[in-house]
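Good morning, and thank you for joining. I should like to take you through selected features of one structure, and I ask that you keep it in view as I speak.

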Amino acid sequence: MVQIRSLVGGVAGGVMAVALMAGAQAQSLEALKQDAKSTDDVLTYGMGYNNQRYSPLKQINSRNVANMTAKWSYSLNNPQGQESQPIVFDGVMYVTTHNTTVALDPLTGKQLWKQDIELPQDVFKMACCGIVNRGAAIFDGKLFRATLDAHIIALDAKTGKQLWKSKAADYKDGQAMTGAPLIANGVVITGIAGGEYGTRGFIDGWEPATGKKLWRIYTTAAPGEKGGDTWPGDTAMKGGAPSWLTGAYDPELDLVYWGTGNGGPWNAEARKGDNLYVDSVLAIRPSTGELVWHYQFSPNDLYDYDATEVGMLVDMKINGENKKVLTQANRNGFFYVLDRTNGKLLAANPYVKVNWADKIDLTTGRPVESDVTKRIRAGGDEEVWPSVVGGKNWNPMSWNPSTGLAYANTLNMSWPYQLAKPEYKRGEWYLGVNFRGVTMPKDQPHGYLSAIDPMTGKSKWQMAWPGQPSMAGTLSTAGDLVFTGAATGEFMAVNASTGEKLWQFQTGSGIIGLPVTWSHNGKQYVSVVSGAGGVWGLLGDERMASVPAGGSVWTFEVR
Ligand code: CA
Ligand code: CA
């Protein structure tokens, strides 16, 4: 009798547990879909699947932001560049560095747990462009994050205990992981860095419960595959197209949009052809990894114009018609608007100085290369706009539906460019370019906070950065505000309509991170991670000598 009862109880309990788990997962998935609207939490990289980094919160606004003050600061005890976007869920804030994951009380900054990541020492000389991590993803009680040595791990969100760890690539090949994972339709999706090392890019889908790899889509088309004829011989196998940032997701269309980077080597004459899917956006079915459509921004790219920062999903009226678009400030200097249902190009206009192409042909969707690029292909030495760091780098922009403007930290610099002979060595840069860094204009600002009309690429206003341009992300709010940070450490609020700076606060190190805003018990807070470094460190700007390293998390309020 006892045995039977316990058996029945066991079975019923098991079924109930499964049902409860499925329910929790469904709830968790629904919360992710609602993230852009739910103000009490920040569940996704991009503050919503649409990547708009826009909050409807307006308690802190252009009239009272001058009274904003720091509520708390937390030391990350880490001297590297801090590019992490905080996640806020269920009374806990999660922040990543390259070698730790921390859980904090978002109201006090008190550490709840901290989990170290062991990394092999030689990974540090391999990782291109900064020892960074850009944040975690949360789903079904687990926190997911990538590691510099190309693994993805899952931690128990309550305790920080590691639940599983899966390997994506061999870091000794020059592949690394720095981006925040994306959870779409119950799949954990990650990209890979290493486009400068003669690697082959890919995007992976993982099972959240176990870390089992569900699918992989390679981002260069191999010989014999569809698109394989856009590469000579087997050049696609070292052809780059890294996928090192987080994509966006449209749950209605069930499409994930993921950006890819430069071809390998940079010298495109060594890989004649369009080189699919270099510098593209891929629209992917998250459950299967099926490639539904693609659009290539820079075919046969010479200039390291990564399109990895995929941009924002916006619903807007174009010529009186409601359109679901994907809008991107491409590193190549053009601001793109694509129909995100099918990848059709709707607009592409320069938002910074451009001389590598005369225009993007709206009929063919292709750039028309300029005489400058023609001379370079013939062996010339030319000054190219924009530079290798682009019209905008990886740091994401934000959208304000009231102004209809995109807020981005844009760059105003060129670079001297000449082809050279590429030579592949495992784990070393594979460029084939006479690389001499970037050129700062002497008589102009080197970058701006720009408020850009996506259809024209023109800025309604620009706030010039004195000296050092900003490589921080931006946050927009219904309070008519844009939040961003300076390379020299000032976190600031700017009037979204006029570009007037309304408030600033020195965070102690440079800001290259991604501000977020959230609320608790009806009160609004703004948080950002501070810590100089990242790609800018490679450019050797002597003005950064007066900006100390040191990662910290800050939270602000209006009292
Ligand atoms: Ca939210
Ligand atoms: Ca690159």
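**Strand pairing and calcium sites**

Strands β31 (residues 475–477) and β32 (residues 481–485) are antiparallel and are joined by three bridges. Two strands count as paired if DSSP finds at least two bridges between them; strands (E, at least two residues) and helices (H or I, at least four) are DSSP runs, numbered from the N terminus. Before going further: this is a predicted model, in which local features need pLDDT of at least 70 and side-chain atom pairs count only at pLDDT 80 or more, while totals for chains, interfaces and linings use all residues. Residues are numbered from 1 along each chain as its sequence is written, chains are lettered from A and ligands numbered from 1 in the order in which they are written, and side-chain values use heavy atoms, with hydrogens and water left out.

Within this pair, Leu 475 has Phe 483 of β32 as its bridge partner. Both strands belong to an open sheet of five strands, ordered β1-β31-β32-β33-β34, with mixed pairing. The edges are formed by β1 (54–55) and β34 (501–506); each has a single partner strand, so one side of each lacks a neighbour in the sheet.

A further antiparallel pair consists of β23 (residues 357–361) and β24 (residues 366–369), with four bridges. Here Ile 360 stands opposite Pro 367 in β24. Four residues lie between the strands of this hairpin, and Gly 365 adopts a positive phi near 75°.

I turn now to the calcium ions. Which residues coordinate the calcium ion (ligand 1)? They are Asp 35 (O and OD), Ser 38 (O and OG) and Asp 41 (O and OD), at 2.2 to 2.6 Å. Donors are N, O and S atoms within 2.8 Å of the metal, or 3.2 Å for Na, K and Ca; water is not among the atoms, so sites may look incomplete. The donor residues follow the spacing D-x2-S-x2-D. The angles between the six donor atoms span 65 to 169°, which makes the arrangement irregular; six donors count as octahedral if opposite donors are over 155 degrees apart and all others between 65 and 115, four as square planar on those same limits, four as tetrahedral if all angles lie between 85 and 135 degrees, and anything else is irregular.

For the calcium ion (ligand 2), the protein donors are Glu 196 (OE), Asn 262 (OD1), Asp 304 (OD) and Asp 306 (OD, listed twice), lying 2.2 to 2.8 Å away. Asn 262 sits in the loop between β16 (255–259) and β17 (280–284), and Asp 304 in the loop between β18 (291–296) and β19 (312–318), so the pair ties together parts 42 residues apart in sequence. Asn 262 and Asp 304 are both buried, that is, under 20% relative accessible area (exposed is over 50%, partly exposed in between; 1.4 Å probe, protein chains only).
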